Amino acid sequence: MPDLPIFLSNCPAYDEYDDEGLVTVYHGEFWCRWPQCHRGKKGFNATNNLRKHVASVHNLAVKLADVGNLTGTEQDAIRTWYDDLIDDQEE
Ligand SMILES: [Zn+2]
């Protein structure tokens with residue numbers, strides 16, 4: 001997993017976790033949003049691993065994924081979307 005592209009730190013999804021009881025880690029998120037967390041720069045391979053990290057390391061209640069696990073095809077689509085986002089930024 002590459003380092004978090006700097007522009008993503010300005011995306012709403014990468015703001016600090018909100019404090020409404022349950023935090024949402026969106027499908028396709030790989031970088032921890034906790035301030036100063038080293039995993040904010042070194043991402044996880046899977047969103048589920050990020051969810052476990054947020055729950056256990058930062059002691060936050062993480063909202064469960066809406067419907068089971070993503071299929072491989074859905075994960076590929078999300079990765080493609082992120083890759084395109086990054087490619088667009090580098091042009
Ligand atoms: Zn963290």
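Helices here are DSSP runs of H or I at least four residues long, numbered from the N terminus. With that settled, open the model, which is a predicted one, and start at Gln-36, in the segment before α1, the helix at 47–57.

**Stop one: Gln-36.** Select Gln-36 and check its backbone: phi is near 70 degrees, a positive value in a residue other than glycine. Most residues other than glycine have a negative phi. Is Gln-36 buried or exposed? Gln-36 counts as exposed because just 7 C-beta neighbours fall inside 10 Å, and the cut-off for exposed is 12 or fewer.

**Stop two: the whole chain.** Zoom out for a moment. Colour by secondary structure and you'll find two helices and zero strands. Of the protein's 91 residues, 12% count as buried. Now think about contacts between residues at least 6 apart in sequence: 49% of them join residues at least 24 apart.

**Stop three: the core.** Next, select Val-25, Phe-30, Trp-31, Cys-32, Leu-50 and Val-54 together; these six residues make up the largest nonpolar core. Which residues does Leu-50 touch, not counting those up to four places away in sequence? Show its surroundings and you'll see Val-25, Glu-29, Phe-30, Cys-32 and Phe-44. Val-25, Phe-30 and Cys-32 from that list are also members of the core.

**Stop four: around α1.** Keep Leu-50 on screen and add Thr-47, Arg-51 and Val-54: these four are the buried residues to look at in α1. Look down the helix axis and they cover an arc of only 105 degrees, so they sit on the same side of α1. Now spin the view to the face turned away from that buried side, where Ser-56 and Val-57 are exposed.

Step just past the end of α1 and you reach Asn-59, with a positive phi of about 60 degrees. Asn-59 belongs to the loop between α1 and α2, the helix at 72–90. Asn-59 counts as exposed because it has 7 C-beta neighbours inside 10 Å.

**Stop five: Leu-22 and its partners.** Go back to the segment before α1 and pick Leu-22. Which residues is Leu-22 in contact with, leaving aside neighbours within four places in sequence? Select Ala-61, Val-62 and Lys-63 to see them. Put a distance label on the C-alpha atoms of Leu-22 and Val-62: they are separated by 5.3 Å, although the two residues are 40 residues apart along the chain. Even with those contacts, Leu-22 is exposed, because 12 other C-beta atoms lie within 10 Å of its own.

**Stop six: Gly-28.** Staying in the segment before α1, click on Gly-28. Gly-28 is partly exposed because it has 16 other C-beta atoms within 10 Å, a count between the exposed limit of 12 and the buried limit of 20. Its contacts, with neighbours within four places set aside, are Thr-47, Ile-78 and Tyr-82. You've already met Thr-47 as one of the buried residues of α1. For another label, try Gly-28 to Asp-76: 9.7 Å from C-alpha to C-alpha, and 48 residues apart in sequence.

**Last stop: Asn-45.** Finish with Asn-45, also in the segment before α1. Asn-45 counts as exposed because it has 9 C-beta neighbours inside 10 Å. Draw one final C-alpha line, from Asn-45 to Glu-29: these residues are 16 residues apart along the chain and the separation is 9.5 Å. Glu-29 should look familiar, since Leu-50 touches it too.

Technical notes
Residues are numbered from 1 along each chain as its sequence is written. This is a predicted model: local features need pLDDT of at least 70, side-chain atom pairs count only at pLDDT 80 or more; totals for chains, interfaces and linings use all residues. Two residues are in contact if their C-beta atoms, placed from the backbone, lie within 7 Å. A nonpolar core is a set of buried Ala, Val, Leu, Ile, Met, Phe, Trp, Tyr and Cys residues joined through C-beta atoms within 7 Å. The arc is that of the directions from the helix axis to the C-beta atoms.
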